[in-house]
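Biologist: Could you take me through one part of this model up close? I'd like to hear how one helix sits in its surroundings, with whatever else helps to place it.

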Amino acid sequence: MTTDATSTARGPAVPDPFQPAKLGPVTLRNRIIKAATFEAATPNALVTDDLIRYHQLPAAGGVGMTTVAYCAVSPGGRTDGWQLWMRPDAIPGLRRLTDTIHGEGAAISAQIGHAGPVANARTNQATALAPVRLFNPLSMRFARKATRADIDAVMAAHANAARLAIEAGFDAVEVHLGHNYFASSFLSPLINRRTDEFGGSLENRAKVARGTVQAVREAVGDQIAVIAKLNMTDGVRGGIPLDESLQTAQWLQEDGALDALELTAGSSLVNPMYLFRGDAPVKEFAANFKPPISWGIRMSGHKFFREYPYREAYLLEQARQFRAELSMPLILLGGITNRDTMDLAMAEGFEFVAMGRALLAEPDLLNRIQSDRSVRSGCTHCNLCMPTIYSHTHCVVTGKPDSV
């Protein structure tokens, strides 16, 4: 990695998070990435002015790279039917988006993935796929057990999406291997009960994740950066444990197809708050659904939306174990809101940090921090932004920004 660094008496130089850094073939203007957070800004599954503005704000606000979430690789791979999916019809709008972000001096990444059992089969009007037949209570539909042909098709769709990302002007793709989406659900011993070549041992369960990343790299060569987002743990008993995730990460490193790995946690199927921490807005989530689903969320939502206390760099303890075992660049996510925490991540050996809610609340936060390191984020971790993904994702505390 190239860096301007600050020497310390304690040991090796620590990178300055606001100095340029290499991410594969791309040079970012700094080491701070806007994490993928679903925008709810593509009602017709195509780019809108809303989506462009959503990413232009943090780009103008100082991020090194913003991540578009989430660019499904196929219609059936969407979490909902109004979500963007990668196809030729989407290219003109995506090109407008990437040109706008580049005009602000930032890079832009497309998070590509297949939602698997998390996909809403009802709104997608397509059967969801999973390692085994599985019921999704939000869509009130069953996901079908994926065949070998289905798995091959999903891998090929990732490669095609990556090629389209190049055509659209993206600087990177982030392959979604987390949150019990398609690849992650195969990694999960709780979900994956298969007895064929994709089930049983971790080596078998990791074939989808490794094969998908390899297919993407073969499709893009060294034209753009390739990142993967990997669960360190699902945060649920019987799910992906940290030691298995670490082994998967080691295999991904050995495969040599990634430029960086972003470390995440939590299950969209079982325990989403394990990633977010802070308050669990159950009542607000329920308001987005009609009975009987809304009644179920109100009555038992706290079992699904479990509350975890917020603290800065709350995934660092787990991520340290990956940093100790891996040599590849790592992106630290979770509770990065101020300069002190960014510096801590750099001192711990992480090459990049990713920010989500703090930039949703204040898209210009990074410019302000760079001018004054004592600036603190206004995000209260109330998580009331989370239920807005069904309408138009925004911070309900600071309001919905509509201009740069």
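Modeller: Over residues 18–255 the chain is 37% helix and 20% strand, and the C-alpha atoms at the two ends of that stretch are 30 Å apart. Keep in mind that this is a predicted model. The stretch itself comes from UniProt, where an unreviewed entry lists residues 18–255 as "domain: NADH:flavin oxidoreductase/NADH oxidase N-terminal".

Let's zoom in on helix 2, residues 91–103. Its 13 residues reach 18 Å from the first C-alpha to the last, close to the 18 Å expected at 1.5 Å a residue. Which of its residues are buried? That would be I91, G93, L94, L97, T98 and I101. They sit on the same side of helix 2, because they cover an arc of only 160° around the axis. The general rule behind that kind of pattern is simple: an α-helix has 3.6 residues a turn, so residues three or four places apart point the same way. Turn to the face away from the buried side and you find P92 and G103, both exposed.

What lies over the buried residues of helix 2? The cover includes helix 1 (49–60) and helix 4 (148–168), along with strand 6 (65–72) and strand 7 (107–113). Just past the end of helix 2, G105 takes a positive phi of about 90°.

Strand 6, part of that cover, has a quirk of its own. Y70 lies in this strand, and the peptide bond leading into Y70 from A69 is cis, with omega near -5°.

Now back to L94, one of the buried residues of helix 2. The largest nonpolar core has 127 residues, and L94 is listed with I112 and L261 as having the most contacts inside it. Helix 4 supplies the largest share of this core, ten residues. If you skip the neighbours within four places in sequence, L94 is in contact with V47, L84, M86, A168 and F170. There is also a second, separate core of twelve residues, with A119, A130, A143 and Y181 among them. As a broad rule, nonpolar side chains in soluble globular proteins tend to be buried together.

A small sheet is worth a look too. Three strands make an open sheet in the order 8-10-9, with mixed pairing. Strand 8 (129–130) and strand 9 (134–136) are the edges, each pairing on one side only. Strand 8 runs parallel to strand 10 (residues 141–145), and two bridges join them. L129 has R144 in strand 10 as its bridge partner.

Two more backbone oddities before I stop. H179 has phi near 60°, a positive value in a residue other than glycine. You'll find H179 in the loop between strand 11 (172–177) and helix 5 (182–187). Is H179 buried or exposed? It's buried, at a relative accessible area of 9%. The other one is N383, not a glycine either, with a positive phi of about 65°. N383 lies in the segment after helix 15 (365–371), and it is buried as well, with a relative accessible area of 1%.

How values were computed. Residues are numbered from 1 along each chain as its sequence is written. This is a predicted model: local features need pLDDT of at least 70, side-chain atom pairs count only at pLDDT 80 or more; totals for chains, interfaces and linings use all residues. Side-chain values use heavy atoms; hydrogens and water are left out. Helices (H or I, at least four residues) and strands (E, at least two) are DSSP runs, numbered from the N terminus. The expected span of a helix is 1.5 Å times one less than its number of residues. Buried means under 20% relative accessible area, exposed over 50%, partly exposed in between (1.4 Å probe, protein chains only). The arc is that of the directions from the helix axis to the C-beta atoms. Contact means heavy atoms within 4.5 Å. A nonpolar core is a set of buried Ala, Val, Leu, Ile, Met, Phe, Trp, Tyr and Cys residues joined through side-chain atoms within 4.5 Å. UniProt positions are given in the numbering used here, feature names are shortened, and annotations may be inferred rather than shown by experiment. Two strands pair if DSSP finds at least two bridges between them.
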